[in-house]
Amino acid sequence: TMLPLLLLLLPAAHGTAQLRYKPALTKEPRLEGLRTASTFVLDQPRCVFKDYGNADIWLVVALDQDASTFNNTAGPGTPETAFQSFPDPVRAYMTLNATLVNYPCPKPDGDITVLRVGSETSCAQDVTRPTCNGPLPGPGPYRVKFLALEGSVPVAETAWSEPIMLKTAKSPSSISATGSGHSAGMIAITTILSILFAILLAGLVAMLVFWSSESCGGSSSFSKPESVTVRRYNTHHVYDQPAARL
């Protein structure tokens, strides 16, 4: 009955080593998407836990305002640190466990030594995998640190990272209809060009009408019609004959 109590008191008695290393977003130039709407990419903690060969190294993820309240004695894979309950009621979850074999020191030349936090979607709702590296539920900001455990006892930890903010998509309602100053200038130029084009088109139509009328006037001639004289005849034989007798 005293063993669990002794395990709880052991970290307090010996203390957890505070390492000066601070996790940070990677600066690897060959890697894209360092921050997305649900993930971010960290450098691996190479040569940081070299004195703790028997430890399991965990990544702790917390919201910025909750980082200081994280309890190092909370074990990974428990309801207290389960990803599926983050960020409420769980304030920090533990994921991406590894050993020094996974973080060889020094780093081999040419290796991309990073960790993408939030990359697993298949276990996001699977309560049987409480250490899931699931998509982050919001833009943050988040803080992370690495924690080394020997068994269930914390033996060393890094400092918390600086706040990490994820990308957010703009809502359609937030996009200005008028656009930026550059777009307004382009609209003005387009309007002026449209007016000039309309004037030019009107001029071309007028010229075509003028040329058409000139062409018709030059090829057609009108002559005055000759006057027609109608000669009147008196049918004397009709008037001079006496009326026919019955």
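**Notebook: aromatic pairs, sheet and salt bridges**

I began with the rings and found that the structure holds 4 aromatic pairs. I keep in mind throughout that this is a predicted model.

The pair I looked up next was F86 with Y93, which is edge-to-face, at 4.9 Å centre to centre and with 65° between the planes. I noted that both F86 and Y93 are buried. F86 also pairs with Y142, and I recorded this contact as tilted, with 6.3 Å centre to centre and 35° between the planes. F86 sits in the loop between β3 and β4 while Y142 belongs to strand β6, so that I have here a link between distant parts of the chain, 56 residues apart. For burial I wrote down a relative accessible area of 8% for F86 and of 1% for Y142; both count as buried because the cut-off is under 20%. Taken together, the ring pairs link F83, F86, Y93 and Y142 into a cluster.

I then turned to the sheet, which is open, has 5 strands in the order β1-β7-β6-β3-β4, and shows mixed pairing. Its edge strands are β1 (17–18) and β4 (92–98), each of which pairs on one side only. I followed β4 to its partner β3 (residues 56–63), to which it is joined by 5 bridges in an antiparallel run, and within this pairing I found M94 of β4 as the bridge partner of V60. Although β4 is an edge strand, I found it mostly covered, with 5 of its 7 residues buried.

Elsewhere in the sheet, I looked at strand β6 (residues 142–150) and strand β7 (residues 153–157), which run antiparallel and are joined by 4 bridges. One entry for this pairing is L149, whose bridge partner in β7 is P154.

The same two strands came up again when I went through the salt bridges, of which I counted 6. K145 forms one of them with E157, the closest N and O atoms being 2.5 Å apart. This pair links K145 in strand β6 to E157 in strand β7, 12 residues apart. I noted that K145 counts as buried at 4% relative accessibility, and that E157 counts as buried at 7%.

Another salt bridge I looked up joins the side chains of K22 and E162, at 2.8 Å from N to O. Because K22 lies in the loop between β1 and β2 and E162 in the loop between β7 and α2, the pair ties together parts that are 140 residues apart in sequence. Here I found K22 partly exposed at 39% relative accessible area, and E162 likewise partly exposed at 46%. I also recorded the salt bridge of R129 with E120, whose closest N and O atoms are 2.9 Å apart; R129 is partly exposed at 36%, as is E120 at 25%.

For a polar side chain I chose T39, in the loop between β1 and β2 (40–43), which counts as buried at 7% relative accessibility. Its side chain makes a polar contact with the side chain of T36 at 2.6 Å, and the T39 side chain also contacts that of R116, at 3.1 Å.

My last entry concerns the surface, where M186, I189, I192, L193, I195, L196 and I199 make a nonpolar patch of about 700 Å². I placed I199 in helix α2 (residues 181–219) and noted that I199 is exposed, with a relative accessible area of 56%.

Definitions and conventions
Residues are numbered from 1 along each chain as its sequence is written. This is a predicted model: local features need pLDDT of at least 70, side-chain atom pairs count only at pLDDT 80 or more; totals for chains, interfaces and linings use all residues. Side-chain values use heavy atoms; hydrogens and water are left out. Two strands pair if DSSP finds at least two bridges between them. Helices (H or I, at least four residues) and strands (E, at least two) are DSSP runs, numbered from the N terminus. Buried means under 20% relative accessible area, exposed over 50%, partly exposed in between (1.4 Å probe, protein chains only). Rings of Phe, Tyr and Trp (its six-membered ring) pair if their centres lie within 6.5 Å; planes under 30 degrees apart count as stacked, over 60 as edge-to-face and the rest as tilted. Patches are made of residues with over 30% relative accessible area and no salt bridge: like charges are joined within 9 Å, nonpolar side chains (Val, Leu, Ile, Met, Phe, Trp, Tyr) within 5 Å. Accessible areas come from the Shrake-Rupley method with a 1.4 Å probe; for residues, only the protein chains shown count as cover. A salt bridge is a side-chain nitrogen of Lys or Arg within 4 Å of a carboxyl oxygen of Asp or Glu. A polar contact is a pair of N or O atoms within 3.5 Å; within protein, one must be able to donate a hydrogen and the other to accept it, and residues adjacent in sequence count only if both atoms are side-chain atoms.
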